[in-house]
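Student: Can we go through this one together? I'd like to know what stands behind the labels people put on it.
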Amino acid sequence: MDDRRLESIIGELLRAGVLLSAAVVTAGGVLYLVRHHADQVNYRTFVAGGPGIQTLPGIVQSAAHLNSAGLIQLGLLLLIATPVARVAVAAVGFALERDRLYAVVSLIVLLILAASLIHAT
Amino acid sequence: MTAFEFTIVVWALSALAGFLGALTGLGGGVVVVPALTLALGVDMKYAIGASLVSVIATSSGAAAAYVKEGFSNIRIGMFLEIATTLGAVVGALLAGRIGTHALAIVFGLMLLQAAYQSIKAMSDLGPRVESDTLAKRLRLGSTYPVDGQREEYGVRNVPAGFGMMFGAGGLSGLLGIGSGAVKVLAMDRIMRIPFKVSTTTSNFMIGVTAAASAGVYLSRGYIDPRVAMPVMLGVLAGALLGSKVLVQARVRTLRLVFGVVILALAIEMIVNGIMGRI
């Protein structure tokens, strides 16, 4: 394992994550338009959307029921998870390179990300 | 407006924003948020939530291409991400505290700075410097390709750069943007990292920074699937197209035009914020 190799693994991982997420979001979007294309929409005042799109268990549950909003939100969760996975892979990569300093730096970033995501959900 | 019309209009606007954002290097968020709020009357909270996810998509999508060129420096990126993620969490928490009008004004001020940076196109500072003691200890210096060969570069002023990165993260979390422009300023101007290394490493960092505030946004409901879906898919498509034509485009003229557009948006955001119309 060297830096160049680690960088290209990370680059490919990011691209795969984005493609997967875009595919899920598109599927949810098509479903949404098929079912709701004629609905009147208005986003002038903010109203929180409820647990089905705001919490991790809620999103997974509504996506499993093929709820279009839940499916889109699942795709967006995959997108958010992509850079987090990147940091985790980098931590392992640095550890394999026996670069203790940067393995620790990566773990600190991972910890901040995890704390923020767990605190929020 | 019907859901179908809204989706199509937002997708098209976002694709344009992503396209221009990729060509000028400023990212799609700076155009998407004003476009949604000013043109379509969408609440700021929905707009910044949708923008934040689009920022993660473009940053991650472009990273693979940048890595191949061999400019980005993952050690610098990872180290500075400690600052940007902490800043992003603070910014995202603040976004819920301050009112929409104030948020619009801060957004406008950020746009003013982006307009200035776009019009007064930055170039490499050169000549290269030696790393100072702290940068040496952190092994931040590396090599980058110049005319087919790899040349060494050093890094300086790590604490000041780290501090500014905290600010960049804060702006990102507060406004749902990538704040790539501020990240580049910190690396290129303050830390004396080569311009091309700064821009590609900044792109690399944007996704991680945005992910740090995404959890807060999600739990507050700022990320609404019906708004975020067309924004994310539009910006991503526009950005991919933009990075393909980047090579042939006359970037200088484009930056000038883009700068003037952003300037107009900045003024409109600030005025609307002050009048309480946003």
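Tutor: Sure, and keep in mind that this is a predicted model. Start in chain B, where helix α1 (residues 3-24) packs with helix α10 (residues 225-245) at an angle of about 35°, their axes 6 Å apart.

Student: Why give an angle and a distance there?

Tutor: Because two packed helices are described by the angle between their axes and the distance between the axes.

Student: And which hand does the crossing of α1(B) and α10(B) have?

Tutor: α1(B) passes α10(B) in a right-handed crossing. As for what lines that contact, it has 18 nonpolar residues, 8 polar and 1 charged.

Student: What makes β1 and β2 of chain B a pair?

Tutor: Two strands pair if there are at least two bridges between them. Strand β1 (residues 142-146) and strand β2 (residues 149-153) of chain B have 5 bridges, in the antiparallel sense, so they count as paired. One of the partnerships joins S142(B) to Y153(B) in β2(B).

Student: What sits between the strands of that hairpin, and what phi does D147(B) take?

Tutor: There are 2 residues between β1(B) and β2(B), and D147(B) takes a positive phi near 50°.

Student: How many residues does each chain bring to the contact between A and B?

Tutor: Chain A brings 56 residues and chain B brings 50. On the chain A side, α1 (3-36), α2 (51-54), α4 (68-96) and α5 (100-120) each supply at least two residues. The largest share, 19 residues, comes from α1(A).

Student: What kinds of residues make up the side of chain A that touches chain B?

Tutor: That side divides into 31 nonpolar, 18 polar and 7 charged residues.

Key:
Residues are numbered from 1 along each chain as its sequence is written. Chains are lettered from A and ligands numbered from 1 in the order in which they are written. This is a predicted model: local features need pLDDT of at least 70, side-chain atom pairs count only at pLDDT 80 or more; totals for chains, interfaces and linings use all residues. Two residues are in contact if their C-beta atoms, placed from the backbone, lie within 7 Å. Helices (H or I, at least four residues) and strands (E, at least two) are DSSP runs, numbered from the N terminus. Ala, Val, Leu, Ile, Met, Phe, Trp, Tyr, Cys and Pro count as nonpolar, Asp, Glu, Lys and Arg as charged, and the others, Gly among them, as polar. Axes are lines fitted to C-alpha atoms, for helices over the stretch in contact, and angles run from 0 to 180 degrees between N-to-C directions. A crossing is left-handed if the near helix is turned anticlockwise from the far one by less than a right angle, and right-handed if clockwise.
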